[in-house]
Structures are given as structure tokens and as C-alpha cells.
Amino acid sequence: MLPVAELHIHIEGTLEPELLVKLAARNGTWMPVLDVEELRAQYTFDSLQSFLDLHYGNLRVLKIEQDFYDLASTYMTRAAAAGVRRAEIFFDPQTHLANGVPLEEVFGGLTAALTEGAKEHGISADLILCFLRDLGPEAADAVLRASLPFRDSFIGVGLDSTELGHPPALFAGVYQMAAAEGLRLVAHAGEEGGPDYVRGALDQLHVERVDHGVRSMEDPELVARLRDEQVALTVCPLSNVALRVVPALSEHMLPGMLDAGLLATVNSDDPAYFGGYVDDNMAAVQREFGFGDEQLARLARNSFDACFAPEADKQRWQAEVDSWLAARAARAAAGIQAS
Ligand code: ADE
Ligand code: ZN
């Protein structure tokens with residue numbers, strides 16, 4: 001299995017229908033649909049907003065620390081099977097606060113599962129607190145302040161939810177506060193929003209990494225800048241198809257991004273909704289674009305380059321990619337079918 005870092009994964013987006021049904025029963029939460037197949041059948045979307053509306057509704061089943069533990073623990077087990085060595089995991093505290101869940105329950109459950117997953121699966125994992133951009137900058141400021149007592153439990157901040165109409169510049173102040181706290185900075189930009197949103201994230205928020213960023217490809221000057229500065233982009237191919245950012249995987253920008261020399265990585269976004277985890281995304285682009293081992297290894301190397309783990313860990317994982325590639329080459333030379 002190819003070792004990778006997963007840098008764009010919303011823990012709430014790993015809520016599979018099976019766990020949703022279990023948590024609703026455990027907590028006595030009324031839900032309009034509580035059948036696994038019926039839930040899955042609802043998961044077709046025509047835009048980011050159509051997904052978010054359904055997604056936020058489902059999160060009402062998360063009530064207590066144990067629920068957040070179960071959610072993240074299930075993800076860590078699945079991530080281990082996908083070859084994940086490092087996970088930088090988004091979470092949306094504002095959603096849970098709005099559902100009446102105290103931050104203690106959210107942080108308690110998530111951090112316990114990450115600690116346990118590190119021991120059990122050898123995965124290095126950290127949390128990135130996301131601001132819901134449609135709730136505006138004052139709410140972002142408030143949730144960051146409220147989360148500072150848990151400062152040791154997260155390594156960075158991000159910006160997610162409805163992109164159009166909520167440009168990065170609005171959040172310059174709260175990102176400045178996050179930077180002063182020593183937090184790492186990322187933001188969703190260039191998913192539904194155009195290249196201007198990516199420029200805004202770079203220039204106004206000073207992000208170190210751009211989540212999605214695929215619409216940057218519409219602007220050659222921006223592409224040149226992303227290449228020259230080697231800004232990492234956390235691309236989510238199956239998500240982009242599911243949310244109609246692209247009409248089909250065959251038309252995805254990923255090959256063009258790699259050809260342009262961009263530091264693009266492959267990720268799953270909200271795997272319970274979009275057809276798969278990071279390994280499924282890798283397999284999909286491998287199939288669709290005929291990527292060989294060298295290209296898959298490049299994506300894996302990019303993911304470790306782009307991650308916020310200590311340098312020694314990054315080098316160890318990069319060496320694992322080298323070993324994976326060497327083993328694949330040896331098998332091919334011996335005439336053994338790749339697996
Ligand atoms: N929240 C969860 N998934 C998201 C996405 N793809 N874009 C913006 N916000 C999100
Ligand atoms: Zn996302």
C-alpha cells in the first residue's frame with residue numbers, strides 16, 4: 001500500500017450512514033430518514049450548497065464525547081487501511097455548538113480517538129479548526145477565542161462551508177489572531193469560487209496551503225505563482241465530481257496541475273458522501289488518467305512535503321515512498337502483476 005498523508009478530510013464528512021443510524025438510536029435523536037440504504041440514496045448533489053444542507057442536518061446525531069470518539073476512531077481505522085501515515089483533520093466546532101454540544105465534548109472525543117489511533121495504527125494525526133465562512137468573521141473570532149483553552153488540541157485553522165459570497169478578505173482579522181497564536185493557516189478557496197478567492201487566501205489570509213484550489217487553473221498568472229512558490233493544494237477529485245465542480249472525472253484539472261509543476265495532493269474531503277476515502281481517490285485518478293507508479297509516488301511525496309508534521313517524520317515517510325516505488329519496480333522487473 002502506498003503511504004500517504006491525508007490533508008483535506010472533514011471528520012464530520014466521515015459519518016457513514018451506519019454510524020449515523022447507530023448514534024441516532026443511542027441518543028434518541030429524531031431524524032427524517034434512518035435507513036442506511038435510504039440515506040445513501042439521498043447522497044446525490046448538484047452543488048456544494050446542496051451537499052452542505054444535507055450534511056449539516058445529519059450532524060444533529062453527534063451529541064456527546066463518545067459520539068465524536070466513535071466518529072474519529074472509525075476514520076482512523078479506515079485511514080490505516082488506506083495507507084495513511086499522517087492525517088490533518090478538519091472539524092467544524094460552530095456546527096456542534098449550534099447543536100448544543102459543548103466544546104469539551106468535541107475536543108475530548110476527537111483528541112482521545114486521535115491519541116488512540118496513533119498508538120493502535122501508528123498514524124500521526126492532528127486537528128485543524130475550521131471556521132464556517134457563511135457565519136461571518138465575528139462568529140469565527142468568537143469560536144477561536146472560545147477554543148483557546150483547548151489550544152494544545154489543534155494545530156491550525158481553516159475556512160470552509162459556502163464559498164461564493166464569502167471571500168477570504170472578510171476573515172483577515174481572525175487569521176491574524178490565529179497566526180499570533182502560532183497556528184498553521186489553510187483555507188478552502190477555488191472550489192466553487194474563482195481564482196480571486198485563491199489570491200485572497202494567499203494575500204489576505206497568508207495561508208500556507210490552499211484547500212481545493214482547482215479553479216486556479218483558469219488563471220495562468222496564478223498558476224505560475226503557485227508553481228514558483230510551491231504552494232500546496234489539497235485536491236479532492238471525487239468530491240469535485242460529486243459537487244459538480246467538474247462535469248466528470250475525465251475533465252478534472254489534476255493532470256494539468258501536475259503538468260504545470262504544482263504541488264498538488266489527492267484527498268477525500270467528505271468520504272462518506274463522495275464515493276470514497278483517499279485510497280479510493282488515488283485509485284480513481286490512477287484509472288482515469290492512467291497514472292503509473294512514478295506519478296502515484298509523486299502525489300504521495302507531495303502530500304508529505306505539504307504536511308505540517310516534524311521534519312524527521314516527513315523524511316521517514318518519504319523514505320517509505322522510495323521503498324514502495326523500488327518494490328513496485330522490482331516486482332515489475334520480475335514480471336509479477338502489480339497489486
Ligand atoms: N465542508 C465540508 N466539505 C466541504 C467542502 N468541500 N467545501 C466547503 N466546505 C466543506
Ligand atoms: Zn473540504
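His212 lies in strand E6, in what is a predicted model. The phi angle of His212 is near 80°, a positive value in a residue other than glycine. With a relative accessible area of 0%, His212 is buried, because buried means under 20%. His212 also belongs to the residues that surround ligand 1.

**The site of ligand 1**

Ligand 1 sits in the largest cavity. Besides His212, its surroundings include His10, Asp160, His188 and Glu191. Leu48, Phe51 and Leu52 are also among the surrounding residues. Helix H3, which covers residues 48-58, gives the most to this shell, with three residues. By character, the shell divides into three nonpolar, four polar and four charged residues.

Nitrogen atoms of ligand 1 lie at short listed distances from polar atoms of Ser161, Asp269 and Asp270. The table sets these out.

| Residue | Part of the residue | Distance to a nitrogen atom of ligand 1 |
|---|---|---|
| Ser161 | polar backbone atom | 2.8 Å |
| Asp269 | N or O atom in the side chain | 2.6 Å |
| Asp270 | polar side-chain atom | 2.6 Å |

Taken alone, ligand 1 exposes 260 Å², and the protein buries 100% of that area.

**Thr162 and Phe150, on either side of strand E4**

Thr162 is placed in the loop between strand E4 (156-160) and helix H8 (172-180). The relative accessibility of Thr162 is 16%, and it therefore counts as buried, the limit being under 20%. The side chain of Thr162 makes a polar contact with the side chain of Gln49, at 2.7 Å.

Phe150 is found in the loop between helix H7 (136-147) and E4. Phe150 has a relative accessibility of 18% and so counts as buried too. Between Phe150 and Leu103 there are 8.8 Å in space, C-alpha to C-alpha, although the two are 47 residues apart in sequence.

**His206, in the loop before strand E6**

His206 has its place in the loop between helix H9 (195-203) and strand E6 (209-212). The phi angle of His206 is near 60°, again a positive value in a residue other than glycine. At 53% relative accessibility His206 counts as exposed, because exposed means over 50%. His212, by contrast, is buried at 0%.

Key: Residues are numbered from 1 along each chain as its sequence is written. Chains are lettered from A and ligands numbered from 1 in the order in which they are written. This is a predicted model: local features need pLDDT of at least 70, side-chain atom pairs count only at pLDDT 80 or more; totals for chains, interfaces and linings use all residues. Side-chain values use heavy atoms; hydrogens and water are left out. A residue is near a molecule or strand if one of its heavy atoms lies within 4 Å of it. A polar contact is a pair of N or O atoms within 3.5 Å; within protein, one must be able to donate a hydrogen and the other to accept it, and residues adjacent in sequence count only if both atoms are side-chain atoms. Accessible areas come from the Shrake-Rupley method with a 1.4 Å probe; for residues, only the protein chains shown count as cover. On a 1 Å grid over the protein atoms alone, a cavity is a set of points where a 1.4 Å probe fits but cannot get out, and a pocket is an open set with protein on both sides within 12 Å along at least five of seven lines; lining residues have an atom within 4 Å of a point. A molecule sits in a cavity or pocket if more than half of its atoms lie within 2 Å of its grid points. Helices (H or I, at least four residues) and strands (E, at least two) are DSSP runs, numbered from the N terminus. Ala, Val, Leu, Ile, Met, Phe, Trp, Tyr, Cys and Pro count as nonpolar, Asp, Glu, Lys and Arg as charged, and the others, Gly among them, as polar. Buried means under 20% relative accessible area, exposed over 50%, partly exposed in between (1.4 Å probe, protein chains only).
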